[in-house]
Amino acid sequence: MNSTPPVLVVGAGPAGLVTALTLLQNGIPVRIIDKDPNPRIGQRGPGIWPRSLELFNFLNVPEVNDLGKRFSAVRSYKSGTLESGTDSLMVPHSEPTPAIPFHTPKLMGQQLLDVILRRHLEKFSCSVEMGTELRSFEQSDEGVTAVLAKNGTLETFNTKWVIGADGAKGIVRKQLGLTFLGETRDDVRMVMGDIRLHGVGLDRAHWHRFGNLKRGASLRPTDEIAEDGWQFIVFDGDIDLTKLAQSEELIFETIASLIPTEITFNKLVWVSEFRANIRMVNKFSEGRGFVVGDAAHVHSPTGGQGLNSGIQDAFNLGWKLALVEKGFADKSLLETYNAERLPVISEMLEMTTTILNQFLKTNDLTARRGPILFMLGINCRFSNIVLDEFAIPGKPINAYGALDEANLEAGDRAPDAPNMLQVGGGESDAKTLFSLYRPWYHTVLVFAPSPADATPVLGALDAYEKSAVRSAVVLPSSASVTSVASSADLVLVDQEGHAYSAYLMEAGQTKVFVIRPDGVVGAIVRGAEGVKKYFSGIFSEV
């Protein structure tokens, strides 16, 4: 293998790290750099929504769901008093279902998330090169020539692809000549950060909120900082927030003035001034260069979608770039990264801005977040590489919709199903459909009344690279088989009917669902011809 990594990832926040991990799991070597000499500190945007938890599951990063904390109830206080006003839930409570195992949003600071993801990169002998800055790059039909700077020394690095995960002020987007249109809102400014303090009467079971958006503060307890650690936000339209963010003493004074109890301050850990920037690129790529995360779009903090959408950008791009780099797919596949993400982000920015305006109108910081923010309804039904032989054509694009479990179309997230019983195929401990889905191959699910009904579809799969396509026959619960000889990688009996229910199947039908490496339904087709048609849009000629 070529010893020079074919991909340069610029920026090692969550979006850059997920990009790198997705590529590495696909067998593509990566060089990842970050201009900061030290890893970033700070909680920053800590909300991780269910769709992102699913992606971390596919990437085999269980720590995010395991270590993330549930949203605590928000306790809002009457003005100038510690008398408890109201307790409210910021996110609707929902129980896990067979189709949605990661039902509960979690909170995890970005500092810890970065540490976890860097550890996973190290399993592939890849580590972030800190203190290494991209100065410029040029691209040709064959590749990219980048100029890097480290400790005052310049290095010319030749690679094939460059991915900018270098934030809103990053160089990759600028060098690619992409626009970044939108607005900077001066009506929403805040100072946020991590702090250690003890407040009399402030328990660590609640998220405490005082005042309002004109002048107020919130404290969210988090042991990730320390056992007396809190993430704080200060709103104050009448003071100079830039000056406030530069002075520990002023921050202590301001918090003490906003929270009517005796506070003992220990330490200011991290602080940043924040104003609502709402912008996005005109396109997500140019030639051999791509942008993900904040380099491509920045959001109002209302809704906590920024970090999550950046991770989802990375996951969408990673599998496609891997197939092209391996020579399995034509370069034109990469155009679908922009085509699939642009409508999602455009609708998302509109929605988070609507929530922001609602906050400003009602002055209510605790407004409940709707289930659309869980991101399970995000889809690419409109994409030219998904194929659905059953869907009604011509429906309007609703890329950032709420989940509707009564409908399942190509382009939607693939549901899970537990308690599957293996009765044929190779060695596997797969008990759920989610455990089959991984970022380095397509999974062809053949729902069929008997193994024989799946044979034509399985025969069609012989034409494709074995490492890029896996197959599983899913038999109904009524199938009375204990052991089956089949050319499928797995034969499963849906013993409790969860898969047939989630995929809207009837026991006597034969139907094929092709699940993409990003856990999206790529195709819903009748049989072998539909499978061939779908893969003709993904793979180079076979």
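The exercises below, each with a worked solution, concern a predicted model.

Local features need pLDDT of at least 70 and side-chain atom pairs count only at pLDDT 80 or more, while totals for chains, interfaces and linings use all residues. Residues are numbered from 1 along each chain as its sequence is written, and side-chain values use heavy atoms, with hydrogens and water left out.

**Exercise 1. Helix 10**

Task: State which residues of helix 10 are buried, which are exposed, and what covers the buried ones.

Solution.
Step 1. Helices (H or I, at least four residues) and strands (E, at least two) are DSSP runs, numbered from the N terminus. Helix 10 spans residues 451-460.
Step 2. Buried means under 20% relative accessible area, exposed over 50%, and partly exposed in between (1.4 Å probe, protein chains only). In helix 10, A454, V457, L458 and A460 are buried. These residues lie on the same side of helix 10 because they cover an arc of only 145 degrees around the axis. The arc is that of the directions from the helix axis to the C-beta atoms.
Step 3. A452 and P456 are exposed on the other side of helix 10.
Step 4. Contact means heavy atoms within 4.5 Å. The cover over the buried residues of helix 10 includes strand 23 (442-447), strand 24 (469-475), strand 26 (511-515) and helix 12 (528-536).

**Exercise 2. The nonpolar cores**

Task: Describe the largest nonpolar core and the contacts of L433.

Solution.
Step 1. A nonpolar core is a set of buried Ala, Val, Leu, Ile, Met, Phe, Trp, Tyr and Cys residues joined through side-chain atoms within 4.5 Å.
Step 2. The largest such core has 159 residues. I32, L433, Y437, L445, Y503, F513 and F535 have the most contacts inside it. Helix 8 (residues 306-325) gives the most to this core, with ten residues.
Step 3. Another core lies apart from it, with 21 residues, among them I195, F210, I255 and I259.
Step 4. With neighbours within four places in sequence left aside, L433 is in contact with P415, D416, A417, M420, L445, L492, A499 and Y503.

**Exercise 3. T443 in strand 23**

Task: Is T443 buried or exposed, and which residues does T443 touch?

Solution.
Step 1. T443 belongs to strand 23.
Step 2. T443 counts as buried because its relative accessibility is 3%.
Step 3. Neighbours within four places in sequence aside, the contacts of T443 are L436, Y437, R470, F513, V514 and I515.

**Exercise 4. The second largest pocket**

Task: Give the volume of the second largest pocket and describe its lining.

Solution.
Step 1. On a 1 Å grid over the protein atoms alone, a cavity is a set of points where a 1.4 Å probe fits but cannot get out, and a pocket is an open set with protein on both sides within 12 Å along at least five of seven lines; lining residues have an atom within 4 Å of a point. Grid points are joined across faces, edges and corners, and a volume is the space filled by probe spheres set on the points.
Step 2. The volume of the second largest pocket is about 680 Å³. It is lined by 34 residues, of which N379, R381, L408, E409 and D412 are the closest to its centre.
Step 3. Helix 11 gives the most to this lining, with three residues.
Step 4. Ala, Val, Leu, Ile, Met, Phe, Trp, Tyr, Cys and Pro count as nonpolar, Asp, Glu, Lys and Arg as charged, and the others, Gly among them, as polar. The lining of the second largest pocket has 18 nonpolar, eight polar and eight charged residues.

**Exercise 5. The cavities**

Task: How many cavities of 30 Å³ or more does the structure hold, and which residues line the second largest?

Solution.
Step 1. There are two cavities of 30 Å³ or more.
Step 2. The largest cavity has a volume of about 210 Å³. Its lining has 17 residues, with N316, R341, I378, D518 and V520 nearest its centre. Helix 2 (50-58), helix 8 and helix 9 (335-362) are the elements that give two or more residues to this lining.
Step 3. By class, the lining of the largest cavity has six nonpolar, four polar and seven charged residues.
Step 4. The second largest cavity holds about 30 Å³ of space. Its lining is formed by N26, W319, L323, P439, W440, Y441, H442, A468 and P517, of which seven are nonpolar, two polar and none charged.
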